[in-house]
Amino acid sequence: MASRKPAKKKPAQGHPARRAGASSVPFETEVRQALQPFKSQLFRHFQEEGQPASETRAALEGLTTLLTVHAQLRKSVDVQSLDPSILGEQLGHLSSLGKEVAATSAAILKHYLTFLGTSANFGGSVEDFKQTFEFLSRMAGDSPIVAPYLEDEEANGAFESMPFVFAARELIQWVGDGKPTTPAGVLTAETLQDAAAALGLFIKVDGNAPIPEDAIWEPEDGTVVPSLADIPRLSAYWDALIGTAMLTYQAPHAKPTESLSEALLASSGAGARVVKELIAEVLYSHILINTLEKPGQAQIAEMVAGVLSNAASSTPPRAEFALQIPTTDDLPEEQHHLIPSLEEVVPQVESLLRVFEREGLVEIDEHITVPIVLRSSLERALGKVSDHVLKQDTDSSAPEA
């Protein structure tokens, strides 16, 4: 029986995209070649602890595809910088495939940008890096908030000049050893009127008075209101004292927690700082959630939350742009139909931002900024607001029993 000769093996050719001129995808070969010098560094950066090498290689292949498309839109290859305007177009296309696709792609590109920055391979300016990083953070669903570390002494010094700290102190001192409330801890009748006076609000309380259609943050002197909910500023601060356990219910009174009250009144120490940060957190979330729950106000709350988030970033928005009503010259023709809605919405957004400004929770000058000492508080508050929205969505979509 004749023996069969072993079949000749074809020469190993590898992945076609790794052979010069083999890829039919524009710029793919050039992108792979440009990544080659720091390929091993990049692999280590992408390989998280315990992650299989196969998953890391898959992530890098995804990155290569994203950088190739970026080069196609950019009409040039530069793997050491990313063009934010091109990224907007690129991730916009991906959003049409689903928000998760765009968010995952943004996360990969952000991870890569971090690598470029930490390995000194980024080819643009510091401002370019910040702008790109914050854009990708937003697209990836991450917070753009920048909260630099502050020593307790520096933080407490900043708190001493903030209106919300002064107001919270006035209210806790008014409570004294305790004040009568409902079993749920709500202020009523004459006690409610006195509490409002502690914040400089000289209103009258009448349980039979009609509920105001639009309760303003600080009602004018002499305004007659039926309940705590109709005095928004007092309601927010009372919620902050209850929400931080600075006040507890001991029927039939709300009484201060001694150690926390002392920390609020103190001007130094770690405890003094933490208590004030927690009060700010509750104020941010209380105001935004209350606005969300008002019929027709959800868009206002969402826009304000977005402005606050950017105001706490390293590139805060310019007030003249954030608060202006666009004209037909500012928008493409296909968006002109939005102008009547924006004419109604933008003044309400500014009004709510002015509420935050009144309490020292945001500063509005040439730019809109959140004080550095409050940025961690804002980030936690926005997390609460997001959770609240998700819970509402879940509750509304749940089938009725």
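**Charged side chains, paired and unpaired**

In this predicted model, Glu277 and Arg273 pair up through their side chains in a salt bridge, with an N to O distance of 3.1 Å. Both partners sit in helix α12, which covers residues 270-292. They are 4 residues apart there, or about one turn of the helix. Neither end of this pair is out in the open: Glu277 and Arg273 are both buried.

That bridge belongs to a wider set, as a search of the whole structure turns up 15 salt bridges. The general idea is simple enough: side chains of opposite charge can pair when their charged atoms come close.

Another pair with helical spacing is Glu350 and Arg354, whose closest N and O atoms are 3.1 Å apart in a salt bridge. Helix α15 (residues 339-358) holds both, and because Glu350 and Arg354 are 4 residues apart in it, about one helical turn separates them. As for surroundings, Glu350 counts as partly exposed at 26% relative accessibility, and Arg354 is also partly exposed, its relative accessible area being 34%. Elsewhere, salt bridges with shared partners tie Glu218, Arg233, Arg358 and Glu359 together into one network.

The bridge between Glu160 and Arg169 has its side chains meeting at 2.8 Å, N to O. Here the two ends fall into separate accessibility classes. Glu160 has a relative accessible area of 37% and is partly exposed, whereas Arg169, with 14%, is buried.

Then there is Asp230, a charged residue that goes without such a partner. Asp230 is found in the loop that runs between β3 (224-225) and α10 (232-243). Although buried, Asp230 has no salt bridge. How far away is the nearest side chain of opposite charge? That side chain belongs to Lys294, and it is 9.3 Å from Asp230. A salt bridge needs the nitrogen and the carboxyl oxygen within 4 Å, so Lys294 does not qualify as a partner for Asp230.

What the side chain of Asp230 does have is a polar contact with the side chain of Ser227, at 2.8 Å. Leaving aside residues up to four places away in sequence, Asp230 touches Ile211, Pro212, Ala215, Pro219 and Val225. Put next to the buried pair of Glu277 and Arg273, then, Asp230 gives another picture of a buried charged residue: no salt bridge, but a polar contact with Ser227.

Technical notes: Residues numbered from 1 in each chain as written. Predicted model: local features only at pLDDT ≥ 70, side-chain atom pairs only at ≥ 80, totals over all residues. Heavy atoms only, no water. Helix = DSSP H or I, 4+ residues; strand = E, 2+ residues; numbered from the N terminus. Buried < 20%, exposed > 50% of the residue type's maximum accessible area, 1.4 Å probe, protein only. Lys, Arg positive; Asp, Glu negative; His and termini not counted. Polar contact = N/O pair within 3.5 Å; in protein donor to acceptor, adjacent residues only side chain to side chain. Contact = heavy atoms within 4.5 Å.
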